[in-house]
Amino acid sequence: MTLLLKNVKTQLAPYSLLSNISHTDNEVYLDKYTEILNYLREYIGEPYYAHNGFILYNSDNAEIMNKLESSEFKIDLTVTSPPYNIGKEYENNMPIEKYVSWCQKWIKSIYNITKENGSFWLNVGYLNVKNKGKAIPIAYLLWDKIDFFLMQEIVWKYGAGVTAKKFFAPRNEKFLFYIKNENDYIFNLDSVRDPDVKYPNQMKNGKLRCNPLGKNPTDVWDFPKVTSGKNRSSKERTSHPAQYPLSVIDRIIKVSSNKFDIIFDPFSGSGTTGIAANGNYRIYIGSEISKDYCDLSIERYEEYLKERSSKLVYH
Ligand SMILES: C[S@@+](CC[C@H](N)C(=O)[O-])C[C@H]1O[C@@H](n2cnc3c(N)ncnc32)[C@H](O)[C@@H]1O
């Protein structure tokens, strides 16, 4: 039986995260999830929450990664956004050198627990460095201090943001796309092609010029930010102060992993990576130090599941 989406408005997640898989695939997915969960129970301990491919630890990520480093367990893809050291409610600001060496430490652990053909996507913004710069891209501080191979930097640009009078209003953040092995990594371009092609029927030597699935989405991505505020709040907005958008993470998960792969987010926050992973039938493992954010992300995930089942129709 095929499941199709009706053309209905989504509330919490983009359409691409509301599709379903065949009954057989679902069984494979749940079997793999159960196997992973049992393994994690043995090596890490009982998660705070686990349901159908979404596993969350309410813990400092160092504890999780240290235990995984001493096991055979390996993940396929990490997508994460760490604290930027800019005074958010969940941050204890550190001197810049300490911040950079802390980042190096947890990134090293991610490297150690990543499969040989695995990837690491790091979302970072800017920070103020006293007497040096108002908005230093965190990417500049980190890019060459880690073992992963930097494939490229993606510019994520968005419309909404703060205004400015003495400098240009900031409208972008970066995603650093790292891999472990430049000769062997997953890159499912066809799953993320951009169908918005200007001349889709243009021919060359009797063949279509452009791939019928669409064009390469390039290294500049235009996705709205998760906004807040009366009458302008995004539908996916939670009360977490630094939520990244599901559609960006959806693209990353599709391009850098395959169905049933293991996706990790050591700074899980409101669970965005988890929902995008689950919606693409990957197994999610997250760690989040704050119990409140864990509870918030579980509530969000369960709402998302409700939405997914209500929007799906049997065809
Ligand atoms: C930038 S936010 C991540 C937001 C997330 N990408 C989302 O879409 O909601 C960073 C998160 O890391 C958590 N955090 C900070 N230090 C941590 C640690 N050592 N281990 C686990 N989580 C941590 C914070 O509580 C915060 O929720």
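## Two helices, a ligand and the whole chain

In this predicted model, helix α2 (residues 61–69) packs with helix α3 (residues 96–112) at an angle of about 35 degrees, and their axes are 9 Å apart. The crossing of α2 and α3 is left-handed. Which residues meet here? From α2 come Asn61, Ala62, Met65 and Glu69, and they meet Trp106, Ser109 and Asn112 in α3. Sorted by class, the contact of α2 with α3 has three nonpolar, three polar and one charged residues.

Now let us turn to the ligand. The residues around the ligand number 19, and those that come nearest are Tyr90, Phe267, Gly269, Ser270 and Thr272. The shell around the ligand has its own mix of classes: eight nonpolar, nine polar and two charged residues.

Here are the two sets of residues, class by class:

| Site | Nonpolar | Polar | Charged |
|---|---|---|---|
| Contact of α2 with α3 | three residues | three residues | one residue |
| Shell around the ligand | eight residues | nine residues | two residues |

Let us step back to the whole protein chain. How many helices and strands are there in the protein chain? There are seven helices and 15 strands. The radius of gyration of the chain is 20 Å, close to the 20 Å that the globule rule gives for 315 residues, so the chain is as compact as a globular protein of that length. Along the principal axes, its C-alpha atoms fill a box of roughly 60 × 50 × 50 Å.

Finally, a word on confidence. The protein chain averages a pLDDT of 91, and 95% of the residues score at least 70. Over residues 1–10, however, the pLDDT is below 50. In the model, this stretch has 19 contacts beyond near neighbours in sequence. Where pLDDT is low, predicted coordinates should not be read in detail.

Key. Residues are numbered from 1 along each chain as its sequence is written. This is a predicted model: local features need pLDDT of at least 70, side-chain atom pairs count only at pLDDT 80 or more; totals for chains, interfaces and linings use all residues. Axes are lines fitted to C-alpha atoms, for helices over the stretch in contact, and angles run from 0 to 180 degrees between N-to-C directions. Helices (H or I, at least four residues) and strands (E, at least two) are DSSP runs, numbered from the N terminus. A crossing is left-handed if the near helix is turned anticlockwise from the far one by less than a right angle, and right-handed if clockwise. Two residues are in contact if their C-beta atoms, placed from the backbone, lie within 7 Å. Ala, Val, Leu, Ile, Met, Phe, Trp, Tyr, Cys and Pro count as nonpolar, Asp, Glu, Lys and Arg as charged, and the others, Gly among them, as polar. pLDDT is the predictor's confidence in each residue, from 0 to 100. A residue is near a molecule or strand if its C-beta atom, placed from the backbone, lies within 6 Å of it. The radius of gyration is taken over C-alpha atoms; the globule rule is 2.2 Å times the number of residues to the power 0.38.
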